[in-house]
Amino acid sequence: MFNNHSAAGKSCPAKNSTVSIGALCHQTANLQHLNDKDAILVISFGTTQKQARQNAIENITNKIQAAYPLLKIVSAFTSHIVIRRIKENENLKYNTPEQALDKLAADGYTRIAIVALDIIPGIEYAYKQKVFELYKNHFKKMTMSTPLLYWQGQKNHRDDINDVFATFLHELPIKKDNFDALLVFAHGTKHPANAYYTAIQARLNCSRQQPPVFVYTAEGYPDLSSIIPMLKINNYKRLLLLPFMIVAGEHVYNDMNGDSMTSHKSLLQRQNFRISTYLHGLGENETICRFFLDRTKETYQLLVN
């Protein structure tokens, strides 16, 4: 947390305010007399694909429940469209974060730890931060985790980019010698946090991964067209496409691996690259699940201490 203590700040409410970074924590002074009744709320975007949801989102949530067997663990989706379609197609009711928090409050829960299943602090994470601000005074205490990638080795903080990618790439269940390069497919965002992907690429370049790794996005920069020239200059022919998204959903099966002429696989094959694909979301990966359990532990310890 940064505080502005300058003389100018004392006369200016905006400058005198504080800016919170890292895991969020709030205590409501007039609710401290309430008994402690804890719950963990796991928030993700969601997906309409049942198998992908079970393999990834429910997999992470189940591991959190196993780690905290005596706690109430609740899931919520931020996508209202996904919630509606699941209700229509499967007759299952998922709550929005706001609905989940309203229900927890009605059921008497007084301390809430929110676990954000986000990769970077982009638009989705900003939405969760807003929900936190709107609901923090409804509970005795509330905390919220950072995304999977947040800290970048700033003083006294871990290096999420290096730690997550180094472990993830090392433990991938593939024979890397079969490929000239790995293409990591991320979502991307219009949020300025899209710059994380450039930071990721810079770290990968410095670490001299073998085979080399290139990051591209569906909805940000760099996109696939940005990295093809580098692949050609280096004469990389055997490529593995793998997603860096929580679920292997429509982006993975249609945009990356689809049979249409515009899929990434098809575009690269027409340019004489030999393509293999790895069709598993991060939520299926034991390494990534361990990191999300670390984020859960961090935010729950912040709640109870």
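Helices, in the sense used here, are DSSP runs of H or I with at least four residues, strands are runs of E with at least two, and both are numbered from the N terminus. The structure shown is a predicted model. With these terms, Asn235 can be placed in the loop between helix H9 and strand S10 (238-243).

Asn235 is not a glycine, yet its phi is positive, about 60°. Asn91 is another residue other than glycine with a positive phi, in this case near 55°. The loop that holds Asn91 runs between helix H4 and helix H5 (97-106). Such values deserve notice because most residues other than glycine have a negative phi. As to accessibility, a residue counts as exposed when its relative accessible area is over 50%. Asn91 has a relative accessible area of 55% and is therefore exposed. Asn235, with 53%, is therefore exposed as well.

The backbone also contains cis peptide bonds. One joins Gln210 and Pro211, with omega about -5°. Pro211 belongs to the loop between helix H8 (195-207) and strand S9 (213-217). A further cis bond leads from Tyr221 to Pro222, where omega is near 0°. Pro222 is part of the loop that connects S9 with helix H9 (224-233). From Pro222 one may look across to Gln54: the two residues are 168 residues apart along the chain, and their C-alpha atoms are separated by 30 Å. Gln54 is a residue of helix H3, which spans residues 50-67. Its relative accessibility is 33%, so Gln54 counts as partly exposed.

The interior may be approached through helix H7, residues 160-170, whose buried residues are Asp160, Ile161, Val164, Phe165, Phe168 and Leu169. These residues lie on the same side of H7, because they cover an arc of only 120° around the axis. The elements that cover the buried residues of H7 include strand S8 (181-186), H8, S9, S10 and helix H12 (286-304).

In soluble globular proteins, nonpolar side chains tend to be buried together. Here the largest nonpolar core comprises 54 residues, and those with the most contacts inside it are Ile40, Leu148, Leu149 and Phe244. H12 contributes the largest share of this core, namely six residues. Apart from this core lies another one of 20 residues, among them Leu104, Ile112, Ile114 and Phe139. The surroundings of Ile40 show how distant parts of the sequence are brought into contact: neighbours within four places in sequence aside, the contacts of Ile40 include Ile64, Tyr68, Leu71, Val74, Ala113, Val115, Thr296 and Tyr300.

The description ends with open space. Rolling a probe the size of a water molecule over the atoms shows where empty space is left. The largest pocket has a volume of about 860 Å³. It is lined by 30 residues, of which Phe45, Gly46, Glu124, His187 and His251 are the closest to its centre. At least two residues of this lining come from each of three helices: H4 (80-90), H6 (123-135) and H10 (250-256). Sorted by class, the lining of the largest pocket consists of 12 nonpolar, 11 polar and seven charged residues.

Methods. Residues numbered from 1 in each chain as written. Predicted model: local features only at pLDDT ≥ 70, side-chain atom pairs only at ≥ 80, totals over all residues. Heavy atoms only, no water. 1 Å grid on protein atoms, 1.4 Å probe; cavity = no way out; pocket = protein on both sides within 12 Å on 5 of 7 lines; lining within 4 Å. Points joined across faces, edges and corners; volume = space filled by probe spheres on them. Nonpolar A, V, L, I, M, F, W, Y, C, P; charged D, E, K, R; others polar. Buried < 20%, exposed > 50% of the residue type's maximum accessible area, 1.4 Å probe, protein only. Arc of directions from axis to C-beta. Contact = heavy atoms within 4.5 Å. Core = buried A, V, L, I, M, F, W, Y, C linked by side-chain atoms within 4.5 Å.
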